[in-house]
Amino acid sequence: MKLNKITGLFAASILTVGVLAGCGAKNDTDGKDGKAAEEGETIKIGLNLELSGAVASYGSSEAEGIELAIEEINKAGGIDGKTIVPIKMDNKSESSEATSAAIKLITKDKVVAIIGAATSGNTVAQVEIANKNKTVLISPSGTSETVTINKDGKVNEFAFRTSFIDPFQGTVAANFAANELKVKNVAIYSDNASDYSKGLASSFKKDFEAAGGKIVAEEFYIAKDSDFRSILTRIKSSNPEFIFIPGYYEEVGLIVKQAREMGITVPLMGADGWDSPILLDLAGEKALNNTFTTNHYSSEDPDGIIQDFNKKFGEKYNGKKPDSFNALGYDTVYLLADAIKRAGSTDSTKIKEALEATKDLGLVTGLYSVDENHHPIKSATILEYKDGAQIFKTKVNP
């Protein structure tokens, strides 16, 4: 079924006054099966986001998308006539702050569910608390497998995500390098302190080598580094045809800038961690030419549902063009609202079960289904930077 058709049906159902019949009924009570919504005319949803600190760009963008979606739903009558009330917390881009925020949102504010964090590490910091308190936790963009699978290989019962997982991104990047760019010898430059970066690097390496390619250099940096020239010199001496740089925008922007200054002209590629307007400020338009990323969404995608979202977002935010974190935040609200609708309740266990049963839900970032590990099954987008703009190149299905 086409995305725009499914999304249209979904939007028509969820944005109709009173359509979510039976949801969050006033006689819902706390019980051993999970936490129910507070009695009254509101449904509280916690937002645990990076609104300041090292990756504030991600959390702030997601907050914009979340606020737009909540505004739309509330204007259409809310959920069974109840208004969604977001309770926003700033985790300051720190895991300890994310943990503290989750405890407050669950135990004091009595939220139905938590949206956030934006990064995998700050989401994982909340998982044990969410599971223990039977509170649904959905990360819009936590791509690490550890968000939904614990160290023992078991599913984190109440943890979900809207984004695809890192191994899928790594596979898409590896296949793009091998099959589209036709390169044979590549270097990998990743953040040795980041599970996100290491996971992407591992997946890319495995799939690129399986496609017959060779890793000629594998180097590491650490978050907060600012001078990458010595390691880039070693990478350059290995004569790669392509460099994979999975990391976050703060370091990546400097790496790209310094690489180009050193005469490294080969294609560079990363993942969704590149997606921030700050990357352009750090690297510069010219340096970003001939670079690529895997991502969740492109505002340049001609799909009708995406163009409709772009229009609504621009109207709310003074003509601003939405990025993937805006779209993921927006989609996460609709994912949760759809689950509440199908659950017929705000009981957390019932919402969890509804999320687990999600199949072919039409969202801005693509058709969304959930597998047995709470991993989304959805498409990825490849973007190319040209003169400072992200250009839609192709969409890859799982």
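Where does Ser-163 lie? In this predicted model, Ser-163 sits in the loop that links strand 5 (159-161) to helix 5 (166-180). Let's start with that residue and then walk out to the sheet.

**Around Ser-163**

Ser-163 has a relative accessibility of 0%, so it counts as buried; the cut-off for that label is under 20%. Leaving aside residues up to four places away in sequence, Ser-163 touches Ser-139, Pro-140, Ser-141, Gly-142 and Thr-143, along with His-296, Leu-328, Pro-376 and Lys-378. Take Pro-376 from that list: 213 residues separate Pro-376 from Ser-163 in sequence, yet their C-alpha atoms are 6.8 Å apart in space.

**The sheet**

Strand 5 also belongs to an open sheet of 5 strands, ordered 2-1-3-4-5 and paired in parallel. Strand 5 and strand 2 (83-90) form the edges, each pairing on one side only. From one strand to the next, the twist averages 25°. Within the sheet, strand 1 (residues 42-49) pairs with strand 2 in the parallel sense over 8 bridges, and Thr-42 stands opposite Thr-83 of strand 2.

**Helices across the sheet**

Two helices that lie across these strands are set out here.

| Helix | Strands it lies across | Angle |
|---|---|---|
| Helix 3 (residues 95-107) | strand 1, strand 2, strand 3 (113-115) | about 175° to strand 1 |
| Helix 4 (residues 120-133) | strand 1, strand 3, strand 4 (136-139), strand 5 | about 165° to strand 4 |

If you are tracing the model on screen, strand 5 is a handy place to begin: helix 4 lies across it, and the loop holding Ser-163 runs from it to helix 5.

Notes: Residues numbered from 1 in each chain as written. Predicted model: local features only at pLDDT ≥ 70, side-chain atom pairs only at ≥ 80, totals over all residues. Heavy atoms only, no water. Helix = DSSP H or I, 4+ residues; strand = E, 2+ residues; numbered from the N terminus. Buried < 20%, exposed > 50% of the residue type's maximum accessible area, 1.4 Å probe, protein only. Contact = heavy atoms within 4.5 Å. Pairing = 2+ DSSP bridges. Axes fitted to C-alpha atoms, helices over the stretch in contact; angles between N-to-C directions.
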